Amino acid sequence: MKQRIVIAIALACEPKLILADEPTTALDVTIQAQMLGLIHDLQQRLNTAMILVTHDLGVVAQTCEKVAVMYAGQCVEYGRVEAVFDSQTLHPYTRGLFNAIPKLDGDAQRLETIEGMIPDPSVKIEGCRFAQRCKFATQRCKADPGMIQVAPDHMIRCHLFDKRTEG
């Protein structure tokens, strides 16, 4: 109930931008759907933009037009939700996130995990921030490739997709 009250107070002043940090955490599915519906209706009525910060890819798929996948404070993948969610071309971290979602049609006994630990935020990382946890990491990962367009409306920060440095 407190969460709903805080969201209502924030929306009452008709902001031009809503920064929603995990707005549906700890809500059951029914209340979550109502809350997302309310936010969407208010966005449309007030012509308000929203930045949604969440780990719930289902909420992203249901709510957002564009998605930015962040790792260690850096965008590793960006694009229209459909382009990213329907693509087989994914950053290794994004693929790990999708693989960690429980599947109803599989025989898996355990969910897949991303091995290793997140980097210490106080330590500057040269090159790819995901390299220490990535099973595809090579020497090239010591340099940052920048964002690479892999399809219309879809960009990835990863040397796996950098055609300029293939050798």
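**Figure 1. The largest pocket of the predicted model.** The largest pocket of this predicted structure has a volume of about 1000 Å³. It is lined by 35 residues, of which Leu52, Thr54, Ala68, Val69 and Met70 are the closest to the centre of the pocket. At least two lining residues come from each of α2 (29-46), β2 (49-53), α3 (57-63), β3 (66-71) and α5 (92-99). Strand β3 gives the most to this lining, namely six residues. Sorted by class, the lining of the largest pocket holds 22 nonpolar, seven polar and six charged residues.

**Figure 2. The second largest pocket.** The space in the second largest pocket comes to about 270 Å³. Its lining is made of 14 residues, and the closest to the pocket centre are Pro92, Gly96, Thr113, Ile114 and Lys135. The classes in the lining of the second largest pocket are six nonpolar, three polar and five charged residues.

**Figure 3. The largest cavity and its lining.** The count of cavities of 30 Å³ or more is one. The largest cavity encloses about 40 Å³ of space. Its lining consists of Leu57, Val67, Val69, Val84, Phe85, Thr94, Leu97 and Phe98. Three elements, β3, α4 (81-85) and α5, each supply at least two of the lining residues. Helix α5 has the largest share of this lining, with three residues. By class, seven of the residues that line the largest cavity are nonpolar and one is polar, while no charged residues take part. Val69 also appears among the residues closest to the centre of the largest pocket.

**Figure 4. The aromatic pair of Tyr71 and Phe130.** The structure has four aromatic pairs. In one of them, Tyr71 and Phe130 meet edge-to-face, with 5.0 Å from centre to centre and 85 degrees between the ring planes. This pair links distant parts of the chain: Tyr71 belongs to strand β3, whereas Phe130 sits in the loop between α5 and β5 (148-151), and 59 residues separate the two along the chain. Tyr71 and Phe130 are both buried. Together with Tyr93, Tyr71 and Phe130 make up one aromatic cluster.

**Figure 5. The aromatic pair of Phe85 and Phe98.** The ring centres of Phe85 and Phe98 are 5.0 Å apart and the ring planes stand at 85 degrees, so this pair is edge-to-face. The pair links distant parts of the chain, with Phe85 in helix α4 and Phe98 in helix α5, 13 residues apart. Phe85 has a relative accessible area of 23% and is therefore partly exposed. Phe98, at 17% relative accessibility, counts as buried, because buried means under 20%. Both Phe85 and Phe98 are in the lining of the largest cavity.

**Figure 6. The hairpin of β5 and β6.** Strand β5 is joined by three bridges to strand β6 (residues 154-156), and the two strands run antiparallel. Gln149 has Met155 in β6 as its bridge partner. Two residues lie between the strands of this hairpin, and Asp153 takes a positive phi near 65 degrees.

**Figure 7. Cysteines without a disulfide.** Zero disulfides are found in a search of the whole structure. Which cysteine sulfur is closest to that of Cys134? The closest is in Cys158, at 6.0 Å, which is too far for a bond because a disulfide needs sulfur atoms within 2.5 Å. Cys134 has a relative accessible area of 15% and so is buried. Cys13, by contrast, counts as exposed at 59% relative accessibility.

**Figure 8. His55 in its loop.** The loop between β2 and α3 holds His55. Is this residue, His55, buried or exposed? His55 counts as exposed, because its relative accessibility is 72% and exposed means over 50%. The C-alpha atom of His55 is separated by 19 Å from that of Gly37, and the two residues are 18 apart along the chain.

Technical notes:
Residues numbered from 1 in each chain as written. Predicted model: local features only at pLDDT ≥ 70, side-chain atom pairs only at ≥ 80, totals over all residues. Heavy atoms only, no water. 1 Å grid on protein atoms, 1.4 Å probe; cavity = no way out; pocket = protein on both sides within 12 Å on 5 of 7 lines; lining within 4 Å. Points joined across faces, edges and corners; volume = space filled by probe spheres on them. Helix = DSSP H or I, 4+ residues; strand = E, 2+ residues; numbered from the N terminus. Nonpolar A, V, L, I, M, F, W, Y, C, P; charged D, E, K, R; others polar. Phe/Tyr/Trp six-rings, centres within 6.5 Å; stacked < 30°, edge-to-face > 60°. Buried < 20%, exposed > 50% of the residue type's maximum accessible area, 1.4 Å probe, protein only. Pairing = 2+ DSSP bridges.
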